[in-house]
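Visitor: I would like to go through this model at the level of side chains and overall form. Please take the questions one at a time.

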Amino acid sequence: MRHDVGLLVGLLGQVLTEYGADGLLDDVERLRGLTIEALGDPDGEALRSAEELVESFTTERAEEVARAFTCYFLLANLAEEQQRIRALRARDGQVPLEEQEPSESVAAAFTHLAGEVGRDEAERRLRELRFHPVLTAHPTEARRNAVSASIRRIGDLLDERNDPRLGAGARDRTTRRLLAEIDNLWRTAQLRVASPSPLDEVRNALAVFDSSFSSVFAAAYRRMDDWLQGEARGTRPPLAPSFIRLGSWIGGDRDGNPNVTAQVTRAAVGQAADRVLAELAERTRRVGTALTPDERFATASAELTALWNRQRQLSDELTDAAAAHSPNEPHRQVLLAVAGRLDATRARDADLSYARPDELLADLAVVQDSLAAAGDVRAAYGELQELIWQVETFGFHLAELEVRQHSKVHSQTLQWLADPESVERMAVPGEEVLETFRAIAAVQQRYGVDAARRYIVSFTTSAQNLADVYTLAEHALGSAEDAPVLDVVPLFETYQDLQNAPRILEEMLEIPAVQRRLEATGRRLEIMLGYSDSAKDVGPVAATLALYEAQERIAAWAQRHGILLTQFHGRGGALGRGGGPANRAILAQPPHSVDLRFKVTEQGEVISARYGHPEIALRHIEQVAAATLMASAPSTEQRNARAAERFADLAARMDAVSRERFDGLVGADGFAPWFAQVTPQDEVGLLAIGSRPAKRGLSVESLEDLRAIPWNFAWSQARINLTGWYGLGSALEAVGDTDLLRSAYAEWPLFRALIDNIEMSLAKTDRRIAERYLALGDRDDLAALVLEELDLTTKWVLAITEQDRLLQDHRVLGRAVELRNPYVDALSLLQLRALRTLRSEDAGSLDDAELDDQRDLLLLTLKGVAAGLQNTG
């Protein structure tokens, strides 16, 4: 990896020299040298010299230097990703099963589980396994698509150059192409001119399907099945289930986003369906073309012959073409005709279309059974099985679109229906709300109920909020019979709503529409937990504990009522929004709160990091599947239950003190405008990274007006990361018992995950830089609160983990953060320069061009710091 970084940065230096900006590379190197020197300079002289250098730059030079450091991070991130891929390739199949952590591989998890509950029960649980990632369009991916595409091309070239089979001449040619691509990256604008539309966001998500999802999910099933089957792999019916279902809010989430309309929702489903039908048709044709066994060596079953005859009745033209290309190859003929029918389904040809995915699966099962009966088991359970897994996973819709809307919008719409004169007070036009339900009905009629049946109600505070949705659906379509099938999902977001969740769910059971859905689904129900607003409400510590308690109480409620519950986790990438390793989070949940079903939001940079490269995506899926299996192991459930009981008093003390400390800061008079003054919060809203507005209102006089993403984004940009740790130090100080806290760290998975996540957040915090941001405000009292809590939290985290410095026991991770920080410091100093200008009393005397230049510099540094920290909101 060091070699790759050296190569890429060296080529970047050559590009900067050739660019023609006199002295640019020298300025970059001087600033880099000073920020590195500053790390070992307790007097701060080097950092002050770096500030003076930054202040001496012209605005144009400052922008060039910011671009250079941003490009550096993009290339360094790529080198780290390439190293991860190399490590995964080297590890694949090389680590003995007995040395694998049960939460790291499905094989180890299954073996461990079978040892506790028996193989038959372990296989039953495996069949019940479900992982449901849900893509959201929340704006946390700071990179432009053009930049991401350039980075992918550089990655491909780097991979090619590192191929040991490459000769010297070919390596030189690849280096030349790398230089050209890095030159292209340098000259590509980092900032978007305009925000993406919701349909742009749909297209971005479909690009991930093309590059990763379409192949990785089936590869995950195959990997699992090969291990379960052992020597019989590929010759028997699969033991691995198609356990992944993909969800999406993109084009469906209209909470606070006026750009998402009913028309957008229909178009979003249509584009996804078109993409997956094209993929299924192409893959079916590819499998069919390769399926060339002659009738003499793989005799067609009676069922296959009957299927062929039905296909001939549908279309002589289609079957004649298949027969002409495949004489005496009946299985190939049938599959080619199936591919033709998928083409017709995509083209909406009613005579040839499949009405539902079940019809397609039935035809594929006939081909598979016929091959198996003829003894051609490797063809039956090879690529054909992977095609079947794809259909089971994606259906004809690719991703299950979920609609989300704020509870207040529904109540306002009902008021409008009762009193049309109330229209002026509405957040969303009532007719648009009703049109959404009509769009859902149309989608279900065209693509099936599973294409769009979940309706999530943000800020659910009562069961009436859920009943309102069913009432509006019936009104929109004219009757309950014509209304779309809906599973209305309550989203509990605030601290108070989490406390009230069991009561609200109890009342929810009294709603007749809910009772009908429970009967139709075998008593399956879904609820959603919001991590972002609960953390913004009471702080990261109290929110973590409240979420655990809510899951515990909700799981107990579901067991009492015989309900198969899915708890949907609305996590973000930042630690203040529930971020962190997914497998560790799963294993820290209360007993029966997972129950073999893990559903979670994936957004922005998290989608890129987890699913952008197929091999990394495969590893992530395996870890999540393994942890979800392990969460059901009696040993895991007993450990979590015992720890929660033993440390209940500790949790109560931490909850009370951390909430009081957090409220003392964010509840202080004038906090919201002070926060906007000492962080680039306002400017974060100017980044054209999503179709959704950054604020719920027009001001930030109250934090309720500010969305959780810019709240986290702004604190991370100021190198404070307050949302990930504030309140913990005071809570631990109040407990004061180091031995007790170390015991909790060793025995209580929830506490360990909390401390480890906060340690990472602290490692990305820089007190020296943070002081400079806090000095932008005029509230020394609030700045002192932040710095005191930072010092206190750091002290206690080090004491609990028994380390001298943060991430000391995480050698690779700690070294990576340590190496990155001085380069991030350079960008932070450039950002501070722009902020001081924009926040100064003299800002009013600047003309529009000068203000635009300062904002552009600031926005460039936002992108660069995000790349350096590998995190936004």
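**Salt bridges, surface and overall form**

Guide: Arg332 is buried, as its relative accessible area is 15%. The model is a predicted one.

Visitor: Which residue forms a salt bridge with Arg332, and is that residue buried or exposed?
Guide: The side chain of Arg332 meets a glutamate in a salt bridge, at 3.0 Å from N to O. That glutamate has 14% relative accessibility, and buried means under 20%. The partner of Arg332 is therefore buried, and it is Glu329.

Visitor: How far apart in sequence are the parts that Arg742 and Glu802 tie together?
Guide: Arg742 and Glu802 form a salt bridge, with 3.9 Å between the closest N and O atoms. Arg742 lies in helix H33 (residues 738-747), whereas Glu802 is in the loop between helix H36 (780-801) and helix H37 (811-839), so the pair ties together parts whose separation in sequence is 60 residues.

Visitor: Which of the two, Arg742 or Glu802, counts as exposed?
Guide: Exposed means over 50% relative accessible area. Arg742 has 29% and is partly exposed. At 57%, the residue that counts as exposed is Glu802.

Visitor: What separates Glu771 and Arg767 along helix H35?
Guide: The side chains of Glu771 and Arg767 meet in a salt bridge of 2.4 Å, N to O. Glu771 counts as partly exposed at 33% relative accessibility, and Arg767 counts as partly exposed at 32%. Because they are four residues apart in helix H35 (residues 767-774), their separation is about one helical turn.

Visitor: How many salt bridges does the count come to?
Guide: Some of the charged residues are linked in a network of salt bridges, namely Glu400, Glu402, Arg454, Glu526 and Lys599. For the count, a side-chain nitrogen of Lys or Arg must be within 4 Å of a carboxyl oxygen of Asp or Glu. By this rule, the number of salt bridges is 64.

Visitor: Which residue of the negative patch lies in helix H38 and has a relative accessible area of 34%?
Guide: Asp847, Asp848, Glu850, Asp853 and Asp856 gather in a patch of negative charge on the surface. Helix H38 covers residues 848-869. The residue that is partly exposed at 34% is Asp853.

Visitor: What radius of gyration does the protein have?
Guide: The C-alpha trace spans about 85 × 75 × 60 Å along its principal axes, and buried residues make up 59% of the 873 residues. A compact globule with 873 residues would have a radius of gyration near 29 Å, which agrees with the protein's value of 28 Å.

Conventions. Residues numbered from 1 in each chain as written. Predicted model: local features only at pLDDT ≥ 70, side-chain atom pairs only at ≥ 80, totals over all residues. Heavy atoms only, no water. Patch = residues over 30% accessible without salt bridge, like charges linked within 9 Å, V, L, I, M, F, W, Y side chains within 5 Å. Areas by Shrake-Rupley, 256 points an atom, 1.4 Å probe, with all protein chains shown as cover. Lys, Arg positive; Asp, Glu negative; His and termini not counted. Charge placed at Lys NZ, Arg CZ, Asp CG, Glu CD. Helix = DSSP H or I, 4+ residues; strand = E, 2+ residues; numbered from the N terminus. Buried < 20%, exposed > 50% of the residue type's maximum accessible area, 1.4 Å probe, protein only. Rg over C-alpha atoms; globule rule 2.2 N^0.38 Å.
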